[in-house]
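Here are a few notes to read alongside the model, written for someone opening it for the first time. Take them at your own pace.

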Amino acid sequence: MMENKYDRWDLSYLYKGFDDEQFRSDLASLKEEAKKAITILEDSSVSRAVRIERAVTHSERVSAKVDRLANFIQCTLSVDAQNEAANAAMDQLMVAFTDLELSSSALARFVAETDDLEQVITASDVLRPVSFALLEMKQQSMHLIPPEIEPWILEMQLSGGEAFSQLRDKLDSTLVVDYRDEKLPLAGVRGKAYDPDPAVRKDAYEAEIASYAKMELPMSYCLNSIKMEARTLAKAKKYDSVLDMTLADSRMDRETLDALWTAIREYLPHFRRYLKAKARMLGHKNGLPFYDLFAPVGSIAKKYTVEEAREILIREMGKFSPDMAAFIGNAFDENWIDFYPREGKTGGAFCAGVHYADRSLVMTNFQGSFSDVSTLAHELGHGWHNRCMAGLPYMMTEEPMPLAETASIFNETMLSWQVLSSCGPEERLYLLENGLMEATQTVVDIYSRFLFEQEVIDTRADHAMSVDELKAAMLRAQDASYGDGLDPEVRHPYMWACKSHYYWSGYNFYNFPYAFGLLFGKGVFARYLEKGPAFAEDYCRLLRSCGSASVADVAASVGIDVRDPAFWRSSLEVIRKDIDEFCELAENN
Ligand SMILES: [Zn+2]
């Protein structure tokens, strides 16, 4: 029997295994590398300029090593949560991370204390390419934690937020859901929300909700502890709030966030109109029950194989640029992608960049729906973003969260636009609805997640929230965002237990970047429609610059003012037109 060509990803170019000699010596060397970075800065026999040059060169070399190690360990764990060697290596890596973080704080402090920094940069061939990163270090230096307490804080994070984050992944990946007569992983049962059979969707939802009782208590401790730690860190770093810290890390200002939410709140009634129309089509009278949010509507109940997904993506993305088509073909054929759900594999999907090798690694839980094809387009968009950053110094590749979803959303929009423009009327309803379903998640659900996270962080100043309080807060947030679009009796009080984004210690509010990304991606896509194929080059330049300017400046480079609600309204207006068309089709269906 021939083995399936498209199945699991290949990590062997990183290392041959956990007992690979190279792997062990790379992992063991990180402690020394961190020490060396400090020694370089302390070497008073040479000028400050030379010390900064040497420290930057060293940091780039260590980043490449960490890139290789971290991807090997984390990607292994994402598909094999119980892998003992990977878990042990992960512990070692986390300890090394604190040493490395201390050395990068030392560099930031040293850079900030260099009075003639701009002249030093201008005069150096080594430093000019990382100019933005160095100037930002100086500008943000007031938020560095005092050196006397920083090591202790970092060390305690390992047994605090970081440990809770790992526990969260274990709880999620080992949960067994009793669905009908089967025992399924959480990701598998959640995938059934897309099933064409209404009874399957309802049963899966009920099985899923019932299963959370098995892990709600430890999960609530994870959430409360991670958000408490976020509060403590914001205080230690002299930020007024966790949100201010997140915005600074995002290179984004309040004005931009307010402009985004202002426009979104104005358009919530349109999204509710869509939800109610979908509910009526499916025979519900009181708004859409949560379990039918992802119900397929229209005539493509078609299932796709991975081979078909590959063919569609290459064909449709190739219309934008042949380079992107070739890139996608490579990603499939060179085994960059781990496709199918299996036990021990975490839910959802992600793309990890392997910068030193100019490659990416994509994990999905492909079950054959159009949405799964769209997820592949999304993740490969991240991959294309990584490709556009090829060759840049590591210091210039860290795009802030709001820009991180630009390329993925651009790809999703491109796929549905290409497919919509060439399909018959029957598929049109399905595809239109599919796009609206995703947009509703990214705008309406994301708004509820923002409100929820804000409430948890605010309440945490006073006490840890109980499971019941968390459930009530989630329902309140869903009410504020979905309103009467959702059936008030059938919502999802456990969304906080299934979305991993709340649990990434060190990243708070990983929600608004999605709304930003969707609407920004659509705005960028509108520029492509105006300019045609010539835009492909501008687009790649935009993606390449994402790690080397503020969000507002990156946007301004393609003529977008993100501080003006008018820009966000123009993107939402595109969605509103789809809602109008869908409601009309639904009426006549
Ligand atoms: Zn993404």
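**Notes for a first look**

1. Let us begin at a single residue: Lys 238 is exposed, since its relative accessible area is 53% and the cut-off for exposed is over 50%. Please keep in mind that this is a predicted model. You will find Lys 238 in the loop that runs between α10 (216-236) and α11 (242-249). Its backbone is worth a look too: Lys 238 is not a glycine, yet it has a positive phi of about 60°. In general, most residues other than glycine have a negative phi.

2. A second residue with a positive phi is Asp 358, where the angle is about 50°, although Asp 358 is not a glycine. Asp 358 sits in the loop between two strands, β4 (350-354) and β5 (359-363). With a relative accessible area of 31%, Asp 358 counts as partly exposed.

3. Now for a residue in a helix: Gln 157 belongs to α6 (residues 150-159). Is Gln 157 buried or exposed? Its relative accessible area is 16%, so Gln 157 is buried, the limit being under 20%. Leaving aside residues up to four places away in sequence, Gln 157 touches Glu 162, Ala 163, Glu 229 and Leu 233.

4. Next, a pair of helices. Two packed helices are described by the angle and the distance between their axes. For α13 (residues 306-318) and α17 (residues 406-422), the axes come within 9 Å and cross at roughly 90°. That crossing makes α13 roughly perpendicular to α17. On the α13 side the contact is made by Ile 312, Leu 313, Glu 316 and Met 317, while α17 brings Asn 411, Met 414, Leu 415, Gln 418 and Val 419. Sorted by character, the residues of this contact between α13 and α17 are six nonpolar, two polar and one charged.

5. Stepping back to the whole protein, there are 24 helices and five strands. How compact is the protein for its length? The radius of gyration is 24 Å, close to the 25 Å given by the globule rule for 589 residues, so the protein is as compact as a globular protein of that length. The C-alpha trace spans about 80 × 60 × 55 Å along its principal axes.

6. Last, burial and contacts across the protein. Of the 589 residues, 56% count as buried. The protein exposes about 24700 Å², with carbon and sulfur atoms supplying 52% of that area. Among contacts between residues at least 6 apart in sequence, 76% join residues at least 24 apart.

Conventions. Residues numbered from 1 in each chain as written. Predicted model: local features only at pLDDT ≥ 70, side-chain atom pairs only at ≥ 80, totals over all residues. Heavy atoms only, no water. Axes fitted to C-alpha atoms, helices over the stretch in contact; angles between N-to-C directions. Helix = DSSP H or I, 4+ residues; strand = E, 2+ residues; numbered from the N terminus. Parallel < 35°, antiparallel > 145°, perpendicular 65-115°, else oblique. Contact = heavy atoms within 4.5 Å. Nonpolar A, V, L, I, M, F, W, Y, C, P; charged D, E, K, R; others polar. Rg over C-alpha atoms; globule rule 2.2 N^0.38 Å. Buried < 20%, exposed > 50% of the residue type's maximum accessible area, 1.4 Å probe, protein only. Areas by Shrake-Rupley, 256 points an atom, 1.4 Å probe, with all protein chains shown as cover.
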